[in-house]
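Here are my notes on the model you sent over. Have it open as you read, and go through the points in order.

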Amino acid sequence: EEEFIKKRIDYVSQYTKDKMMAYRILKSVKTYSDIFKVDPDLVLSIIKNESGFDSSAISDKGAIGLMQILPETGELMSRLLNKFGYNLQSIDDNIEFGVAFLSILLEYNSMEVAIKKYYAGRAWLIPDAHNYYTNVLAEYVNLKNNTIE
């Protein structure tokens, strides 16, 4: 866990402008990526594209937090995880629900389709979803190659 955080702290803190916030995000990403068996670099790539690492982000569609969880997705994940009294603006709850949701999508779809569905749900064939996938994939490849400063 500490090795992952050390390798990614500068990357995340360039967006958060705050090393403690970056540390909290990375610790949560690593914890839930391990639990749900999802590559933590893929999670970071999604967070970068969803919220730019802004934990207070709210989209015009009402998606909340780092991983931009829609309230109805949060409700679904709370039932699946048997976790009630959650807060989608909490770093840990948001990342837990986002990674759990992503893991379900990855279980039943290719990585490309899973990422498009994460973004657009049933409308995953829209051009925006393809652009989103391309951006997430580029970020993921950069992280894997450690080319991001």
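**Notes on the model**

1. Start on the surface: Leu-76, Leu-80, Ile-104 and Tyr-108 form a nonpolar patch of about 410 Å². Patches take residues with over 30% relative accessible area and no salt bridge, joining like charges within 9 Å and nonpolar side chains (Val, Leu, Ile, Met, Phe, Trp, Tyr) within 5 Å. A salt bridge here is a side-chain nitrogen of Lys or Arg within 4 Å of a carboxyl oxygen of Asp or Glu. Accessible areas are Shrake-Rupley values with a 1.4 Å probe, and for residues only the protein chains shown count as cover.

2. Before going on, a caveat: this is a predicted model, where local features need pLDDT of at least 70 and side-chain atom pairs count only at pLDDT 80 or more, while totals for chains, interfaces and linings use all residues. Residues are numbered from 1 along each chain as its sequence is written, and side-chain values use heavy atoms, with hydrogens and water left out.

3. Which helices supply the nonpolar patch? Helix 4 (71-81) and helix 5 (91-108) each give at least two residues to it. Helices are DSSP runs (H or I, at least four residues), numbered from the N terminus. Leu-76 sits in helix 4 and is partly exposed, at 36% relative accessible area. The classes are buried under 20%, exposed over 50% and partly exposed in between.

4. Now two backbone oddities. Gln-68 has a positive phi of about 50° without being a glycine; look for it in the loop between helix 3 (40-51) and helix 4. Asn-82, also not a glycine, has a positive phi of about 55° and lies in the loop between helix 4 and helix 5.

5. Are those two buried or exposed? Gln-68 is buried, with a relative accessible area of 10%, whereas Asn-82 is exposed at 61%.

6. On helix packing: the axes of helix 1 (residues 2-16) and helix 7 (residues 127-144) come within 11 Å and cross at roughly 140°. That makes the pair oblique, since under 35 degrees would be roughly parallel, over 145 roughly antiparallel, 65 to 115 roughly perpendicular, and the rest is oblique. Axes are lines fitted to C-alpha atoms, for helices over the stretch in contact, with angles from 0 to 180 degrees between N-to-C directions. The crossing of helix 1 and helix 7 is right-handed.

7. Last, Val-136 in helix 7. Val-136 is buried, with a relative accessible area of 0%. Its C-alpha lies 9.7 Å from that of Lys-116, 20 residues away along the chain.

Methods:
Buried < 20%, exposed > 50% of the residue type's maximum accessible area, 1.4 Å probe, protein only. Left-handed = near helix turned anticlockwise from the far one by under 90°.
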